[in-house]
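Work through the exercises below with the model open. Try each task before you read its solution.

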Amino acid sequence: MKATIWHNPKCGTSRKTLAILENLKGVDLTVVEYLKEPPTRDKLAQLYIDAGISPKDGLRLRGTDAEERGLPEADIDTILDAMVSDPILIERPLVETEKGVRLCRPQDRVLEIL
């Protein structure tokens, strides 16, 4: 099974999710450090669609200026544009497999798509 994790190595939940994936046999894992290599706007929108959540649900508030920028009340296009230009606003980790996408908070949510 192929899996891609949109990962931030400074995030404990992201590290725990990565450890789950690394410890599974048969997983062909791609790790994308999204702060260095952010997803395109189209890719990010597709990840949220496949996860069954809205970009608002994937907006990171903690440790960001999202609230000061009015992003929690903004429309989806504004949120996606902000996330692409400032990827710290993307809540992590997102994991994608052929079974779907999950925002893995808590980290055990990754098991739903393995």
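Helices (H or I, at least four residues) and strands (E, at least two) are DSSP runs, numbered from the N terminus. The model is predicted: local features need pLDDT of at least 70, side-chain atom pairs count only at pLDDT 80 or more, and totals for chains, interfaces and linings use all residues. Residues are numbered from 1 along each chain as its sequence is written, and side-chain values use heavy atoms, with hydrogens and water left out.

**Exercise 1. The fold**

Task: state in which order the elements of the chain run from the N terminus on.

Solution. Start with the count: three helices and four strands. Then read along the chain: β-α-β-α-α-β-β.

**Exercise 2. Overall dimensions**

Task: compare the radius of gyration of the chain with that of a compact globule.

Solution. The radius is taken over C-alpha atoms, and the globule rule is 2.2 Å times the number of residues to the power 0.38. For 114 residues the rule gives a value near 13 Å; the chain has 13 Å, so the two agree. Next, take the box along the principal axes: the C-alpha atoms fill roughly 45 × 25 × 25 Å. Now check burial (buried means under 20% relative accessible area, exposed over 50%, partly exposed in between; 1.4 Å probe, protein chains only). Buried residues make up 44% of the 114. Last, look at contacts (heavy atoms within 4.5 Å). Among those between residues at least 6 apart in sequence, 63% join residues at least 24 apart.

**Exercise 3. The cores**

Task: find which residues touch the most other members of the largest nonpolar core.

Solution. A nonpolar core is a set of buried Ala, Val, Leu, Ile, Met, Phe, Trp, Tyr and Cys residues joined through side-chain atoms within 4.5 Å. The largest has 20 residues, and Met-83 and Leu-94 touch the most other members. Helix 2 (41-51), helix 3 (76-85) and strand 4 (100-103) each give two or more residues to this core. Apart from it lies another core, of nine residues, including Ile-5, Leu-21, Val-95 and Val-110. Now take Met-83 and leave aside its neighbours within four places in sequence. Its contacts are Leu-44, Tyr-48, Pro-55, Gly-58, Leu-59, Leu-89 and Ile-90.

**Exercise 4. Ser-14 and a cis bond**

Task: is Ser-14 buried or exposed? Then trace its contacts.

Solution. Ser-14 lies in helix 1 (residues 12-22). Its relative accessible area is 0%, so Ser-14 is buried. Beyond neighbours within four places in sequence, Ser-14 contacts Ile-5, Trp-6, His-7, Asn-8, Arg-92 and Pro-93. Ser-14 and Pro-93 are 79 residues apart in sequence, yet their C-alpha atoms are 5.1 Å apart. Pro-93 sits in the loop between helix 3 and strand 3 (94-97). The peptide bond joining Arg-92 and Pro-93 is cis, with omega about -5°. A cis bond also joins Arg-105 and Pro-106, with omega about 5°. Pro-106 belongs to the segment after strand 4.

**Exercise 5. Two aspartates**

Task: find the relative accessible area of Asp-50 and of Asp-81.

Solution. Asp-50 is in helix 2. At 37%, Asp-50 is partly exposed. Its C-alpha is 19 Å from that of Val-31, 19 residues away along the chain. Asp-81 is in helix 3. At 42%, Asp-81 is partly exposed. The C-alpha atoms of Asp-81 and Leu-103 are separated by 19 Å, with their positions 22 residues apart along the chain.
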